[in-house]
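Please open the structure in your viewer and keep the selection tool at hand. The tour below proceeds by selections, each followed by a description of what is found there.

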Amino acid sequence: MAAITLRRLGKVYPGGVRALDGLDLSIADGEFFALLGPSGCGKTTLLRTIAGLEVATEGAVQIGDRDVTNLQPGRRDVAMVFQDYALFPHMTVEENIGYPLRIKKLPRSARRDKAAETAAELGLTGLLDRRPGQLSGGQQQRVALARAMACHPQVFLLDEPLSNLDARLRLEARTFLKRLQRELGVTCVFVTHDQAEALALADRIAVMEGGRIRQVGTPVEVFRRPANTFVAGFIGSTPMNLLDAEVAGDAVVVAGTRLPLPEPARAVVADGDRVVYGVRPEYLDLHTAPLDDALSGRVVVVENLGSSSLVSLDLPGGDGVAGVGLQVVVPEGREPELGSTGWVVPRAGRSLLYRDGELLGADGGGVVGSGVVGAGATGGGVVGGPA
């Protein structure tokens, strides 16, 4: 197996469209690494450039101890699983799995033996004589993985391989994929736009925007301490609340309410500084009785999430300024009435401050590319609703 190192990697398409902008990134040997971001951020282009399906305009790609920047895809010792699986419809499962070995000129008997062995590992033994059109989506996905496994590559490259599955099958496939990667110990780079997939599967995540890496870190790091407001708003099933605020001594004033100043930011802010106060909906407690030093607002929406609910409140603005929205996650059975007033208290140590879009008081941890400063994880705690 092998590590992957990218140095100042760039990709510019005709017309000056820059898809990748000077990326520096290191992926460890045997790591399950996710590339996460919205459509058009460059994550699939980056994956294809590692594979050799796209030619880098600048910079270098290294796999293991080899510089593969100018090598053809077949000489890079990587295997790619595509979003649509790209199975040959006229071939059987056995022939699809053995196809990379056929390209390598292995004898037919060796291909059959290897296909049977790999199929057994993935529960496909009874399907070897079927064609892709006779398989379910989950079975097709496993055939695509088996084909990638058959040639024992140094690196697996997965381009949203779960996106064509229904919700339940996706959960099952996610567990299967994580277990398979652990058993094989192979370096895996996984492209997805689904935050839940990235948080559940990856050892580390690179969050991308506009061809740049905005933060690299473990799932805990990017969830609890996003390095900038883009990551804060993108990561998580519900976006982080980002509210305009002003520093006032040892407090921060948010929507007219004085809240404790987050400890990591104390040394880098001054009285009167304009900042953005960030706190996740999961790290807020909602009360139905008045409390001092609590954000108060009118309940306008309650969304059922199953075992919890997402409550949206309108916070009043001051001096003729329009109010702002605040979202809180509450446990099942604790939902407030629509139109009622709620008092919201941030949990200690769970709020963050941003200035000019960047996290204040960042204390290291995440590895970051393209000149963006990262942040490490802090604390623990349970995601949930009010006390």
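Two strands pair if DSSP finds at least two bridges between them. Strands (E, at least two residues) and helices (H or I, at least four) are DSSP runs, numbered from the N terminus. The model is a predicted one, in which local features need pLDDT of at least 70 and side-chain atom pairs count only at pLDDT 80 or more, while totals for chains, interfaces and linings use all residues. Residues are numbered from 1 along each chain as its sequence is written, and side-chain values use heavy atoms, with hydrogens and water left out.

**First stop: the sheet of four strands**

Select E2, E1, E4 and E5, which in that order form an open sheet with antiparallel pairing. Strand E2 (17-27) and strand E5 (66-67) stand at the edges with a single partner strand each, so one side of each lacks a neighbour in the sheet. Next, display strand E4 (residues 58-63) beside E5: the two run antiparallel and are joined by two bridges. Within this pairing, Ile 63 has Arg 66 of E5 as its bridge partner. Now add helix H1 (residues 43-51), which packs on this sheet and touches strand E1 (4-13), E2 and E4; contact means heavy atoms within 4.5 Å. The direction of H1 makes about 115 degrees with that of E1. Such angles run from 0 to 180 degrees between N-to-C directions, and axes are lines fitted to C-alpha atoms, for helices over the stretch in contact.

**Second stop: the sheet of six strands**

Keep H1 selected and add E3, E6, strand E7 (155-159), E8 and E9; H1 lies across these strands, at about 150 degrees to E7. With E10 included, an open sheet of six strands appears in the order E6-E7-E8-E3-E9-E10, and its pairing is mixed. Its edge strands, strand E6 (78-81) and strand E10 (212-217), each pair on one side only. Select strand E9 (residues 204-209) together with E10 to see an antiparallel pair joined by five bridges. There, Met 208 stands opposite Ile 213 in E10. Helix H5 (residues 167-184) lies across E3, E7 and E8, running at about 135 degrees to E3.

**Third stop: an aromatic pair**

Which form does the pair of Phe 32 and Phe 190 take? The pair is tilted, with 5.9 Å centre to centre and 55 degrees between the planes. Rings of Phe, Tyr and Trp (its six-membered ring) pair if their centres lie within 6.5 Å; planes under 30 degrees apart count as stacked, over 60 as edge-to-face and the rest as tilted. Phe 32 belongs to strand E3 (residues 32-36) and Phe 190 to strand E8 (residues 187-192), so the pair ties together parts that are 158 residues apart in sequence.

**Fourth stop: the helices**

Select helix H2 (residues 93-103) and H3, whose axes come within 9 Å and cross at roughly 125 degrees. That angle makes H2 oblique to H3; angles under 35 degrees count as roughly parallel, over 145 as roughly antiparallel, 65 to 115 as roughly perpendicular and the rest as oblique. Among the contact residues, Ile 97 and Leu 101 are in H2, and Ala 115 and Thr 118 are in H3.

Finally, select helix H3 (residues 108-121) with helix H4 (residues 137-150): their axes come within 9 Å and cross at roughly 130 degrees. H3 and H4 are therefore oblique to each other. Here Lys 114, Thr 118 and Glu 121 of H3 meet Ala 146, Met 149 and Ala 150 of H4.
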